[in-house]
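Hi there,

Here is the structure I promised to pass on to you. Have a look at it first, and then read my notes below with the model open beside you.

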Amino acid sequence: MPWRLTHADKNVPEPDRPIGAVWAAQYNGESGYLVMLPGGDVWHTRQFKWDRARNCLTDQRWAVTMPGGDPLRMTVSPSIDVKDGWHGWIKDGVISDA
């Protein structure tokens, strides 16, 4: 099922935010955005990739584009593969399963 990215309601606690909620946040001192993913995983645009084969973090990050700086039009490459969790895409503001 696809989900559209939407601005997070700051009055809703993070764990209760819907799939596709996006909000500005710091990650290890770097500015970026958090995205609520299917399965309740929260992903940051500056997060390092997870290597399932080696069961460890890599030193690589996802390529994230936001036309006009709009996080609701975010595209992420390659697919997001959360450790022990969801695997899928964010393309032009739409989250979809891999």
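**What I found**

Let's begin with a charge and a ring: Arg61 lies over the face of Phe48, at 4.2 Å from the ring centre. These two residues also face each other across a strand pair, since Phe48 stands opposite Arg61 in E7. Please keep in mind that this is a predicted model.

The strands involved are E6 (residues 48-51) and E7 (residues 56-61), which run antiparallel and are joined by three bridges. Trp50 is also part of this pairing, standing opposite Leu57 in E7. E6 and E7 form a hairpin, with four residues between them. In the turn you will find Asn55, which has a positive phi of about 60°. A word of care here: E6 is where confidence in the protein chain is lowest, at a mean pLDDT of 76.

A second charge over a ring can be found elsewhere. The charged end of Lys91 sits over the ring of Trp89, 4.3 Å from its centre.

**How confident is the model?**

The protein chain has a mean pLDDT of 91, and 100% of its residues reach 70 or more. Confidence is highest in strand E1 (residues 3-4), at a mean of 98.

**The overall picture**

How many helices and strands are there in the protein chain? There are zero helices and 12 strands. Along the sequence, the pattern is therefore one β after another: β-β-β-β-β-β-β-β-β-β-β-β.

The C-alpha atoms fill a box of roughly 40 × 30 × 25 Å, taken along the principal axes. For 98 residues, a compact globule would have a radius of gyration near 13 Å, and the protein chain agrees with that, at 13 Å. Of those 98 residues, 35% count as buried. Contacts also reach along the chain: among those between residues at least 6 apart in sequence, 30% join residues at least 24 apart.

**Two open sheets**

Strands of a sheet pair through backbone hydrogen bonds, either parallel or antiparallel. With that in mind, try tracing two of the sheets on your screen.

One is an open sheet of four strands in the order E1-E12-E11-E10, with antiparallel pairing. E1 and strand E10 (80-81) stand at its edges, and each has a single partner strand, so one side of each is left without a neighbour in the sheet. E1 is joined by two bridges to strand E12 (residues 94-97), and the two run antiparallel. You can spot this pairing at Arg4, whose bridge partner in E12 is Val94.

Another open sheet of four strands has the order E2-E3-E4-E5, this time with mixed pairing. Here the edges are strand E2 (6-7) and E5, each with a single partner strand, so one side of each is left without a neighbour in the sheet. Three bridges join strand E4 (residues 30-36) to E5, and these strands run antiparallel. Leu34 has His44 as its bridge partner in E5.

**An aromatic pair**

The structure holds one aromatic pair. Why does the pair of Trp43 and Trp62 count as edge-to-face? The ring centres of Trp43 and Trp62 are 5.3 Å apart and the planes stand at 85°, so the pair is edge-to-face, because planes over 60 degrees apart are put in that class. Trp43 lies in strand E5 (residues 42-44), whereas Trp62 is in the loop between E7 and strand E8 (63-65), so the pair ties together parts that are 19 residues apart in sequence.

Are these two residues buried or exposed? Trp43 counts as buried, at 1% relative accessibility. Trp62 is buried as well, with a relative accessible area of 8%.

**Backbone details in the loops**

Three spots in the loops are worth a visit:

- The peptide bond from Ser77 to Pro78 is cis, with omega near -10°. Pro78 is found in the loop between strand E9 (75-77) and E10.
- Asn28 has phi near 50°, a positive value in a residue other than glycine. Asn28 sits in the loop between strand E3 (21-27) and E4, and counts as exposed at 65% relative accessibility.
- Asp92 also has a positive phi, near 50°. The loop between strand E11 (87-91) and E12 is where Asp92 lies, and Asp92 is partly exposed, with a relative accessible area of 39%.

Enjoy exploring, and write back with any questions.

Best wishes

Terms used: Residues numbered from 1 in each chain as written. Predicted model: local features only at pLDDT ≥ 70, side-chain atom pairs only at ≥ 80, totals over all residues. Heavy atoms only, no water. Pairing = 2+ DSSP bridges. pLDDT = per-residue confidence, 0-100. Phe/Tyr/Trp six-rings, centres within 6.5 Å; stacked < 30°, edge-to-face > 60°. Buried < 20%, exposed > 50% of the residue type's maximum accessible area, 1.4 Å probe, protein only. Lys NZ or Arg CZ within 6 Å of the ring centre and 35° of its normal. Rg over C-alpha atoms; globule rule 2.2 N^0.38 Å. Contact = heavy atoms within 4.5 Å.
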